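Hi,

Here is the structure we talked about, with my notes underneath. Have a look at it first, then read on.

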Amino acid sequence: MMAEPTATTDIWVSGTEAPEVSEWMVAGTDEGAQEMERDETVERSVEQRGSRVVDDWVVDDTVDDDERMIVNMGPQHPSTHGVLRLNIELEGEIVRRVKPIIGYLHTGMEKTAETLTFLQGGTNVTRMDYLAPLHNELCYSLATEKLLGVEIPPRAQAIRILMTELNRVSSHLVATATNGMDIGALSMMMYGFRERELILAFFEKTTGLRMNHNYIRPGGVAADLPDGWEEDVAEILERIPLAMRDYEDLLKENPIWLGRTRGVGIITVDECLAYGVTGPTLRAAGVPWDLRKSQPYSGIEAYEFDVVTGSRGDVYDRYRVRIGEMHQSLRIIEQVVDTMPRGDYKTADRKVSPPPRQRIDESMEALIHHFKIYTEGFKVPAGETYVAIEAPRGELGCYLVSDGSGAPLRMHTRAPSFSNLQALPIMMADSLVADTVACIASLDPVMGDVDR
Amino acid sequence: MSGDSSPGPPAAADEVLASLSEAVPSAEAGHSVGDHVIRVPAEDLARLAGAARDHGFEMCSDITVVDYLGKRRVRFEVVVNLLSVRHNRRLRILVPVPEGDPEVPSLVPVYPGANFLEREAYDMFGIRFAGHPDLTRILMPDDWMGHPLRRDFEVGAVPVQFKASPRVT
Amino acid sequence: MAQLTSPPQILTTTLGKAMRWSQQQSMWPATFGLACCAIEMMATGTAHNDLARFGMEVFRASPRQADLMVVAGRVSQKMAPVLRQVYDQMADPKWVISMGACASTGGMFNNYALVQGVDQIVPVDVYVPGCPPGPQSLMHGILTLQDKVVSGELAR
């Protein structure tokens, strides 16, 4: 199933021909005077490849103590993407040791989940990874439905795929935008958020909110797509590829961008697997591992798309993988629009979803039924399950335990950012201090997801 | 609590389960709502994880704990989710842990990625992972008392004040 | 440039008015993004909503250069001391906007981990409701604060 990652290929999309090997572009001008000793750093990064030891640094006695210092970065820092705190031990300009300190956004959501019914749980999980709220809802709903054993109608499944893939695009837009801003490409910030508004407007029209939607619920989705959704999505499909050309013009071959991202923050396949790193970071290292392909959910196997992979596992490859994934997501959305089935947007199983509105006017029982579902919630059979989906940051899992009552006994989220963040010391060890923000931004951690 | 009536996963994966059970005789393989699970006593967890790693489960995707206070005789259950990228397969290890001595061996020597996950489990449930290099609180402040996700730890909700403040009598 | 032949161009005002006007016109927010609301705060500052129209897009990374703290998101018990420290580092006069339900009251997370309302730690001048508040709400919040400052209600 899995192709062996090759070290020679550049970014490629599975199913296409592998491109020619391109030389590493060395940043700098022809004058030579402005080169900032890149070569040494590149050598260091190469040395770092393959090492699985985080703290392999032996204190060098020849280095003066004045050269060594511990710098605290965060938790209030503009480029730590929220409230991440890093303790960085520096030797001159070189980062020797890094310790991420997290928990500054711990919200106790797993505790709150135990006090909410299964139907209310969506409001809670959607606030975890706030850049990909619909993925959280989908994962939680799938876990609940697995315990319930209900069938989801095809239209609801198609709507779920449509919404989550749009969400993936908007999330990657923010990731690329903030990555650009952290390294100094401020225009990228403006571009990314400009296009994101387009998707958010559609979300607001469909779900009622720009973020934290609670739209995907156990049993289906909360409401059908609004009238004229085809035109809205068509506009998104038309304008975002055009805008992405701007990003490519701005960054793809920009020597400053290449200099700041090529060979920076390298992580190898072995390290990724050992530390539980998934998502674009793993794919940029060269493993075509995408849960949408390998363990498909919500009928995503019906749509054609490719898994985008990189080869070097550096910041630049992660950026390229995200850009490629946006194209693939738009491809999926295009197919969903073309093949959107008709029918119900939530399951007809009366155990889970309330009776239709007009039945409530006619029947007392239907009214009581409706009331009970929204006050007491539905009972979920006892059992425990783990469901994982491919969120924009990697494998998002939901471990759900029910004791047969209306509220979960335990709801645990396997947060992709949490595991990915563990790999930060490996990426940053023996790199330049200026590359710190590039590494953090390329991991794209969402602290709400890390701390929950 | 496993749904034994549900259909099991494909047979090819069962061979791996059988092989693992052979390597660690105390392990008991089964199914839960269509997933593979293996129950193992705490003392054999590290050995089973090592064997699983040799069988191609190269990633430890998740470690968490469930508190079955008042529901089961053994209060805690440590849940380890393993993933094999090579074989596209998942495996869940369930380890019952008694309340009196909540200690299991650490998986960090086998899976370095278990580091943060075990620290979270320690922080939230007070399960000690023997042999962990840095078993400290990760999410809560260092001086926090108690383990918040235990069932007997209060949610900590404060009453919501909708109108005038309650009269002090 | 005034022409010598034109009548003298003189504007009389009180010192207080001039001070309040200048305070109102140069509100520099400190970036204190915590959670979901921070994303909306960023969206407010960028191209589509363009906070620059109101002269307060200069988000400062250092609290020493800022006079408005937008607490955007849920404040955990672990973060509370940090938040207070950042507030103390800001130079007077300073104002605080509590953005969103979580910062204002704890929102839907009434539990052990969160400070139930940031007004327990720092004095809040304007509360912006919503979960998260849209960019328009945040802009309205900042404009309300400006009105309060210029009217003298919150002059410092």
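Before anything else, please keep in mind that this is a predicted model.

Let me start with chain B as a whole. Its accessible surface comes to about 7800 Å², and 53% of that belongs to carbon and sulfur atoms. Chain B has 169 residues, of which 51% count as buried. You will find three helices and seven strands in it, and from the N terminus on they run α-β-β-α-β-β-β-β-α-β. If you take the contacts in chain B between residues at least 6 apart in sequence, 50% of them join residues at least 24 apart.

Next, the salt bridges. There are 47 over all chains, and here are a few to look up. Arg452(A) pairs with Glu120(B), with the closest N and O atoms 2.5 Å apart. That pair crosses between chains: Arg452(A) is in the segment after α18 (447-451) of chain A, and Glu120(B) is in helix α3 of chain B. Both ends, Arg452(A) and Glu120(B), are buried. Arg452(A) also turns up in another contact, as its charged end sits over the ring of Phe418(A), 5.3 Å from the ring centre.

Within chain A, Glu165(A) bridges to Arg292(A), and the closest N and O atoms are 3.0 Å apart. Glu165(A) lies in helix α5 (residues 154-183) and Arg292(A) in helix α11 (residues 291-294), so this bridge ties together parts of chain A that are 127 residues apart in sequence. Glu165(A) and Arg292(A) are both buried. They belong to a network of salt bridges that also links Arg168(A), Arg283(A), Asp290(A), Glu325(A) and Glu390(A). For a bridge with another setting, try Glu89(A) and Arg97(A), at 3.3 Å between the closest N and O atoms. Here Glu89(A) is buried, at 15% relative accessible area, while Arg97(A) is partly exposed, at 32%.

On to the aromatics, where the count is seven pairs over all chains. Trp257(A) and Tyr319(A) have ring centres 5.2 Å apart and planes at 75°, so they are edge-to-face. Since Trp257(A) is in helix α8 (residues 255-261) and Tyr319(A) in helix α12 (residues 315-339), the pair ties together parts of chain A 62 residues apart in sequence. Both of these residues, Trp257(A) and Tyr319(A), are buried. Phe76(B) and Phe125(B) are edge-to-face too, at 6.4 Å centre to centre and 80° between the planes. Phe76(B) is in strand β4 (residues 76-84) of chain B and Phe125(B) in helix α3 (residues 114-125), so that pair ties together parts 49 residues apart in sequence. Back in chain A, Trp257(A), Tyr316(A) and Tyr319(A) form one aromatic cluster.

How many disulfides are there over all chains? Zero, after a search of the whole structure. For Cys272(A), the nearest cysteine sulfur is that of Cys439(A), 13 Å away. Cys102(C) is in no disulfide either, and its nearest cysteine sulfur, on Cys131(C), is 5.2 Å away. A pair has to come within 2.5 Å to count. Cys272(A) is buried, at 0% relative accessibility, and Cys102(C) is buried at 11%.

Lastly, two spots where chain C meets chain A. The charged end of Lys78(C) sits over the ring of Tyr104(A), 5.1 Å from its centre. Asn49(C), in the loop between α2 (36-45) and β2 (68-72) of chain C, is in contact with Glu197(A) as well as with residues of chain C, including Pro135(C) and Met139(C). Asn49(C) counts as buried, at 7% relative accessibility.

Cheers

Technical notes:
Residues are numbered from 1 along each chain as its sequence is written. Chains are lettered from A and ligands numbered from 1 in the order in which they are written. This is a predicted model: local features need pLDDT of at least 70, side-chain atom pairs count only at pLDDT 80 or more; totals for chains, interfaces and linings use all residues. Side-chain values use heavy atoms; hydrogens and water are left out. Helices (H or I, at least four residues) and strands (E, at least two) are DSSP runs, numbered from the N terminus. Buried means under 20% relative accessible area, exposed over 50%, partly exposed in between (1.4 Å probe, protein chains only). Contact means heavy atoms within 4.5 Å. Accessible areas come from the Shrake-Rupley method with a 1.4 Å probe; for residues, only the protein chains shown count as cover. Rings of Phe, Tyr and Trp (its six-membered ring) pair if their centres lie within 6.5 Å; planes under 30 degrees apart count as stacked, over 60 as edge-to-face and the rest as tilted. A charge sits over a ring if NZ of Lys or CZ of Arg is within 6 Å of the ring centre and within 35 degrees of the ring normal. A salt bridge is a side-chain nitrogen of Lys or Arg within 4 Å of a carboxyl oxygen of Asp or Glu. Lists of a residue's contacts leave out its neighbours within four places in sequence.
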